Amino acid sequence: MKWKIKETERIMNIWRAKEEIKDTVQAYLWKDAWGNYEIPAIRQRPLLLIGPPGVGKTQIMEQVARECKIGLVAYTITHHTRQSAVGLPMIEKRQYGGREYSVTEYTMSEIVGAVYDKMEATGLKEGILFIDEINCVSETLAPAMLQFLQCKTFGTHRIPDGWLIIAAGNPPEYNKSVREFDVVTLDRIRRMDIEPDFGVWKEYAYQEKIHPAIVSYLNIKKQNFCQIETTVDGRRFVTPRGWEDLSHLILVYEKTGKKVDREVVAQYIQHPKIAKDFANYLLLYEKYQKDYQVEEILSGKVNNAVYPKIERAAFDERLSLTGLLLAKLNGNFEGMYWQERVIKGVREVLQQFEEAEGADGIEKLSSLLNQRERERKQLIKQEVLGRREDMLRKKILGKLEEYRTGLMKDRKGDAWSRLKEMFSEDAGAYEEDFAKAGQKLEHGFDFMEAAFGDSQEMVIFVTELNTNPFAMHFLKEYECERYFEYNRNLLFDVLPGER
């Protein structure tokens, strides 16, 4: 990982920031033999992330909380008044030196209260309190934010031990409301400056199923990934968040038969030139899908009329075709990844079934099913189960439900033998699908060699296979000679499982 130096500040991409936050969580929550935190709360400096809007600061907080299995309470502080953040004043009577005085106390801060609510609701005693846009607070709230960073309190109420403070804000060039922190405050925090990095975002895009047209477009025009500029006509900008939100809309519009035109794109990509450019590219992308019939190519049924068309095509069109092939292949690889995990999850439960006591197979399987469902609901309650992991667990439970139905229909046979038979059928289906996915990859290489040879398109094709985590996972098991050959010829050091 390369580090750029800007004056005395350290700038990193969002992936590096996430890794550093995880390391910090583990360090701050590390306990000694007596159960005390090795780094006392007073020395657990809050983290301050400074970076452009939409770069992914909030998303990595959610990921870190899930991966570390801790709680997360997130607030955008600009939505708060001093009263909601600090609490409301109230008059109490106190005795001092034998005399009674009226003193001002404060009700509990809504934010501190939310931390305790989270602990009670989830059972998680440790977590992250994430405060976004912390350097854009109002003048009346600014002193409370400084106190929060310096003393880990809101008003008179401390943040519970075991809860890390992480704050985020935008640099002044992106927000006119930004307030600079004084040296006293900066000396009590850990500042991390973050910059957009398309290469890192692209790996995230593959995992989160960002629409392939967006990935393909940004592969060609990386400069349009993140731009924020001020013109005589006002602010023009495009952010990673904008691309991701647009992707969700395109995917749903495709399922419902709706059209994404330039006006729709401009609602997310608020940079007229880039919005127009991508809208035009999206039309071409849809046209290329029909013209080149990618599914036919990956099935080994290439229309020979395609090759002369490719020779006449502009470079952007050739890259788009390469992107279409990769999108289909990567979709297959992703499907195989989740199918494999379902098979492994079912096998794990069946191993527990074999070891469990009891004569009635249906009762044993029902008990294991109920146990897994309770675990899933508990993880959802704790908010440490991501959407895709939850879907995986549902698929595993669904498959086991099929097995239970099968046992109920055939009560005469041995339950364990019947379960092994049903599992063997599913495992066999997986192996067949795995072989088909491998064959499609081979057909993809056949086409790329016939259409482009060793040109730049082939370099991009192999490079993108190395970038996609699902492709890399597939290639750990599937021996594709040409993949490894091109890696060697192109002097790539990346091999499956060694990134």
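## The second largest cavity

In this predicted model, strand β10, which spans residues 163-169, gives the most to the lining of the second largest cavity, contributing three residues. The full lining is made up of Tyr 28, Gln 44, Arg 45, Pro 46, Lys 152, Trp 163, Leu 164 and Ile 165, and the space held within this cavity comes to about 30 Å³. Sorted by class, the residues around the second largest cavity are five nonpolar, one polar and two charged.

## The largest cavity

The structure holds two cavities of 30 Å³ or more, and the largest cavity has a volume of about 80 Å³. Its lining consists of Tyr 37, Ala 41, Gln 44, Lys 152, Arg 158, Ile 159, Pro 160, Asp 161, Gly 162 and Trp 163, so that Gln 44, Lys 152 and Trp 163 appear in the linings of both cavities. By class, the largest cavity is surrounded by five nonpolar, two polar and three charged residues.

Such spaces are found by a simple idea: rolling a probe the size of a water molecule over the atoms shows where empty space is left.

## Strand β7 and its neighbours

Strand β10, which lines the second largest cavity, also pairs with β7 in the parallel sense, over five bridges. Within this pairing, Ile 128 has Leu 164 in β10 as its bridge partner, and Leu 164 is also one of the residues that line the second largest cavity. Strand β4, covering residues 71-76, is likewise parallel to β7 and is joined to it by six bridges, with Thr 76 standing opposite Asp 132 in β7.

How many of the residues of β7 are buried? Six of its six residues are buried, and the strand is accordingly described as mostly covered. In a regular strand the side chains alternate between the two faces of the sheet. For β7 both faces are covered, with Gly 127, Leu 129 and Ile 131 buried on one side and Ile 128, Phe 130 and Asp 132 buried on the other.

## Two residues with positive phi

Glu 133 has a positive phi of about 55° although it is not a glycine, and this residue is placed in the loop between β7 (127-132) and α5 (142-151). Glu 133 counts as partly exposed because its relative accessibility is 25%, which lies between the 20% limit for buried and the 50% limit for exposed residues.

Glu 383, also not a glycine, has a positive phi of about 60°, and its place is in the loop between α15 (361-381) and α16 (387-409). With a relative accessibility of 48%, Glu 383 likewise counts as partly exposed.

Technical notes:
Residues numbered from 1 in each chain as written. Predicted model: local features only at pLDDT ≥ 70, side-chain atom pairs only at ≥ 80, totals over all residues. Heavy atoms only, no water. 1 Å grid on protein atoms, 1.4 Å probe; cavity = no way out; pocket = protein on both sides within 12 Å on 5 of 7 lines; lining within 4 Å. Points joined across faces, edges and corners; volume = space filled by probe spheres on them. Nonpolar A, V, L, I, M, F, W, Y, C, P; charged D, E, K, R; others polar. Helix = DSSP H or I, 4+ residues; strand = E, 2+ residues; numbered from the N terminus. Buried < 20%, exposed > 50% of the residue type's maximum accessible area, 1.4 Å probe, protein only. Pairing = 2+ DSSP bridges.
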